[in-house]
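Please open the model in your viewer and keep the selection panel at hand. The tour below moves from one selection to the next and says what is to be found at each stop.

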Amino acid sequence: MTSPMAVSPKYAKRTFTVGPGQEVQFELLSYGVALATMNPLYGLGFIQFSLDNGEYLPITYMPVRMPFQYINFRNIHPNQSFTFDVIFILNESTVLEGSFSSIYQQFNQELTINVVNTTITSSQNVLYGPYYIGTRNQARVVSTVTASSGSLAAINLANSDPSGNLYETFPIRVNSLNSIGAIDVDGYMLAPYVAVSIGYSVPSGGSIGINTTLTVR
């Protein structure tokens, strides 16, 4: 009995560097594509890709298996370049040889961070973080505020980078004497780093107590 002939794997590896706010296009008739590496890692939150002028998607949606002729990458970060390796699958019968390490945390892995538990007696703005959370699309910030008359707190969750720069923000405002405020983010691609900013407004002789936690999954 004769065994069927093996199909040789055919794939190509290409390195891309995309500057801040830039877009690059690569043309290669391919059946599929997979992300192999990303440097720096938080570029997962800022690099997007499009197949044959299709919708732009987060690069974390790779690997993709579907025929396409060219691929576009764009970097929406305002001042950081990212370098990454992409594997192109050249025909439908191809099987990638070797293995590529996962470069993001599991989406369903829950992480809770105690952001702050303190009493403030003067007006100020404080940035907590950045916290590394991996690639997520669900986050919840809960703040319990105990304040004297006239005090208030403005709380924001924001996508960030390791330097603490803030990008998209998701705000809540807590302005009652004793209250609980919450931010819920669901279905939005969060960067691997996020930060929590809290602004306190405290009148003379007043105080504000705040306990804030961040939960992501």
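Where is Thr60 found? Select Thr60 and you will see that this residue is found in the loop between strand E4 (57–58) and strand E5 (64–75), where strands are DSSP runs of E with at least two residues, helices are runs of H or I with at least four, and both are numbered from the N terminus. Thr60 has a relative accessible area of 9% and is therefore buried; buried means under 20% relative accessible area, exposed means over 50%, and partly exposed lies in between, with a 1.4 Å probe and protein chains only. Add Ala34 to the selection: Thr60 and Ala34 are 26 residues apart in sequence, and their C-alpha atoms are 9.7 Å apart in space.

Before going further, note that this is a predicted model, in which local features need pLDDT of at least 70 and side-chain atom pairs count only at pLDDT 80 or more, while totals for chains, interfaces and linings use all residues. Residues are numbered from 1 along each chain as its sequence is written, and side-chain values use heavy atoms, with hydrogens and water left out.

**The whole chain**

Colour by secondary structure, and the protein shows 14 strands and zero helices. Of its 217 residues, 42% are buried. If contacts (heavy atoms within 4.5 Å) are drawn between residues at least 6 apart in sequence, 79% of them join residues at least 24 apart.

Now colour by pLDDT, the predictor's confidence in each residue, from 0 to 100. The average for the protein is 80, and 83% of the residues score at least 70. Over residues 1–9 the pLDDT is below 50, and this stretch has four contacts in the model beyond near neighbours in sequence. Residues 99–107 also have a pLDDT below 50, but there the model holds 21 contacts beyond near neighbours in sequence. Where pLDDT is low, the predicted coordinates should not be read in detail.

**Strand E14 and its partners**

Select strand E14 (residues 208–216) together with strand E7 (residues 111–120): the two run antiparallel and are joined by nine bridges, at least two DSSP bridges being what is needed for two strands to pair. Within this pairing, Ile120 stands opposite Ile208 in E14. Next add strand E9 (residues 136–147), which also runs antiparallel to E14 and is joined to E14 by nine bridges; here Val145 stands opposite Ile210.

**Aromatic rings**

Show the side chains of Phe, Tyr and Trp, among which a search of the whole structure finds twelve aromatic pairs; rings (for Trp the six-membered one) pair if their centres lie within 6.5 Å, and planes under 30 degrees apart count as stacked, over 60 as edge-to-face and the rest as tilted. Zoom to Phe16 and Phe26, whose ring centres are 5.5 Å apart and whose planes stand at 75 degrees, so the pair is edge-to-face. Phe16 belongs to strand E1 (residues 11–18) and Phe26 to strand E2 (residues 23–39), ten residues apart, and both residues are buried. Phe16 also forms an edge-to-face pair with Phe88, at 6.5 Å centre to centre and 65 degrees between the planes; Phe88 lies in strand E6 (residues 82–89), 72 residues from Phe16. The relative accessibility is 5% for Phe16 and 1% for Phe88.

Keep Phe16 in view and add Arg14, which lies over the face of the Phe16 ring at 5.0 Å from its centre; a charge sits over a ring if NZ of Lys or CZ of Arg is within 6 Å of the ring centre and within 35 degrees of the ring normal. Arg74 lies over the face of Tyr56 at 3.8 Å from the ring centre. For a further selection, take Tyr42, Phe46, Phe82, Tyr132, Tyr167 and Tyr193, which ring pairs link into a cluster.

**Backbone stops in the loops**

Select Asn39 and Pro40, joined by a cis peptide bond with omega of about -10 degrees; Pro40 is in the loop between E2 and strand E3 (47–51). Another cis peptide bond runs from Met62 to Pro63, with omega near 5 degrees, and Pro63 is found in the loop between E4 and E5.

Finish in the loop between E3 and E4, where Asp52 lies. Asp52 has a positive phi, near 50 degrees, and a relative accessible area of 34%, so this residue is partly exposed. Asn53, placed in the loop between E3 and E4, has phi near 60 degrees, again a positive value in a residue other than glycine, and at 58% relative accessibility Asn53 counts as exposed.
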